[in-house]
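Student: Could we go through this structure together, with a reason behind each label?
Tutor: Gladly; here it is.

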Amino acid sequence: MFAVRRVLLAPRLSSPPIRLPPSRVGTTRWAFDSFSPQPTPRLWSGLQSWREAPANERRTWGPDGPCQPTDLTRLDDDPTASAASLAECAALVLSTPDPLAKSSLSHLAYSRWRLHGLPVGVARPPDRPARPDRPILVSPKEIPAHKSLGLPLNSYMLHNLAHVELNAIDLAWDTVARFSPFHEALGDEFFSDFARVADDESRHFAWCSQRLAELGFSYGDMPAHNLLWRECEKSSGDVAARLAVIPLVQEARGLDAGPRLVQKLVGFGDHRTSNIVAKIAEEEVAHVAVGVYWFNLVCQKMGRIPCAAFKDLLKEYNVELKGPFNYSARDEAGIPRDWYGGTPKWGAKSDLSEVHDRLASIIAMERENSSLNG
Ligand SMILES: [Fe+2]
Ligand SMILES: [Fe+2]
């Protein structure tokens, strides 16, 4: 499948559209010949400053929020020093089973990329990322409710989030390594963006892990599901599908769920955990925005209309979109509403749609509360 997709990517995504001879693209629906200019999407306003910011060292959650840890790993202890490229760093992180080591290595790898001018390189990622023996992985239906496990709701929800963040580290590094053979076509910035996403996710996991320890638990104490990796595997042969399925669906679900989780933790009385979750939710906008940016560029080069391409890919890969949607966060990240079935946004949000969004969120919270209490 790689071979088919290879000819569909232009040498540089920032260059003008390229037309290939019809004989090379005639069998595929992603033909360049159908190219038509698309309106420039409205991008997240923070994208450039997110890209340009130095590597974020605030990996500990202090009394007032994120802060720099006192026991920084010295560079001569850095296991990523043996990697000759960013793609090799990605493969190294993916092959590391210990979650905290995976998190630390992610930060070291991204810091080396930023400071030492590593090439993107090429590396083959493992078929599945290395993971610890615990948590045991079960199907989503087999995940027990917090009451049957005898666990406090805040720790239970935080453990679920830690699992999502650990998966997100691997998902981002897999994108770096998996598509590294195409770095000439995609350009360095594609890999830089996903390495930065991996670094963000590693910081999120570190905060969750620290807070779990403060509550008397550690990652692995509760069963978890393997659903997130399955969607990554499905899209491993197609960069457009990977962008649609991971940042634009999976990460966007995080935008929808974040405020509800914060509210539940506030209701439970755990303000420290709710502050961590709120900060994570705030930082997730960047990851969806990066997905929108690259999906639009890949579609442009393929001569596809992004909205139609997104819907076709979800159908092809059997990925379901589930509301209720956090329209304001999705708008901020730049996902057009017509991509996911929402009403297209023309100008300012109307009072009626504000009321609709709030009602949808309240109904979803009530449903989740009743299933958690039931
Ligand atoms: Fe995250
Ligand atoms: Fe994320």
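Tutor: What follows is a talk about the labels in this structure and the values behind them.
Tutor: The model is predicted, with local features needing pLDDT of at least 70, side-chain atom pairs counting only at pLDDT 80 or more, and totals for chains, interfaces and linings using all residues. Residues are numbered from 1 along each chain as its sequence is written, and chains are lettered from A and ligands numbered from 1 in the order in which they are written.

Student: How do you know what pLDDT the protein chain has on average, and which stretches stay under 50?
Tutor: pLDDT is the predictor's confidence in each residue, from 0 to 100. The chain has a mean of 83, and 79% of its residues reach 70 or more. Residues 1–37 stay under 50, and the model has 50 contacts for them beyond four places in sequence. Residues 368–374 are also below 50, with 4 contacts beyond near neighbours in sequence. A contact here means that two C-beta atoms, placed from the backbone, lie within 7 Å. Where pLDDT is low, the predicted coordinates should not be read in detail.

Student: How many helices and strands are there in the protein chain?
Tutor: There are 15 helices and 4 strands. Helices are DSSP runs of H or I with at least four residues, strands are runs of E with at least two, and both are numbered from the N terminus.

Student: Why is Leu212 called buried?
Tutor: Buried requires 20 or more other C-beta atoms within 10 Å of the residue's own; 12 or fewer is exposed, anything in between is partly exposed, and C-beta atoms are placed from the backbone. Leu212 has 22 such atoms within 10 Å, so the label is buried. Leu212 sits in helix 9 (residues 188–214). Leaving aside residues up to four places away in sequence, Leu212 touches Ser155, Leu158, His159, Ala162, Phe217, Ser218 and Tyr219.

Student: And what makes Phe182 partly exposed?
Tutor: Phe182 has 18 C-beta neighbours inside 10 Å, so it falls between the two cut-offs and counts as partly exposed. Phe182 belongs to the loop between helix 7 and helix 8 (183–186). Its C-alpha atom is 9.9 Å from that of Gly121, 61 residues apart along the chain.

Student: Why does Asn318 count as exposed?
Tutor: Asn318 has 8 C-beta neighbours inside 10 Å, so exposed is the right class. Asn318 is in the loop between helix 13 and helix 14. Its phi is near 55°, a positive value in a residue other than glycine.

Student: What makes helix 4 largely enclosed by the rest of the structure?
Tutor: Of the 9 residues of helix 4 (residues 86–94), 9 are buried, so the helix is largely enclosed. Among them are Leu86, Glu88 and Leu94. The buried residues pack against helix 5 (99–116), helix 7 (153–178) and helix 9.

Student: How do you know whether helix 4 and helix 5 are roughly parallel or antiparallel?
Tutor: Angles under 35 degrees count as roughly parallel, over 145 as roughly antiparallel, 65 to 115 as roughly perpendicular and the rest as oblique. Axes are lines fitted to C-alpha atoms, for helices over the stretch in contact, and angles run from 0 to 180 degrees between N-to-C directions. Helix 4 and helix 5 pack at about 175°, with their axes 9 Å apart. The two are therefore roughly antiparallel. Leu86, Cys89, Leu92 and Val93 of helix 4 meet residues of helix 5 including Lys102 and Trp113.

Student: Then why is helix 11 called roughly perpendicular to helix 13?
Tutor: The axes of helix 11 (residues 239–268) and helix 13 (residues 306–316) come within 10 Å and cross at roughly 85°. That angle makes the pair roughly perpendicular. Ala244 and Leu248 are among the helix 11 residues in the contact, and Phe310 is one of those from helix 13.

Student: Which residues touch the most other members of the largest nonpolar core?
Tutor: They are Leu86, Ala90, Val176, Ala244, Leu248 and Phe295, in a core of 92 residues. Such a core is a set of buried Ala, Val, Leu, Ile, Met, Phe, Trp, Tyr and Cys residues joined through C-beta atoms within 7 Å. Helix 12 (residues 271–302) gives the largest share, 17 residues.
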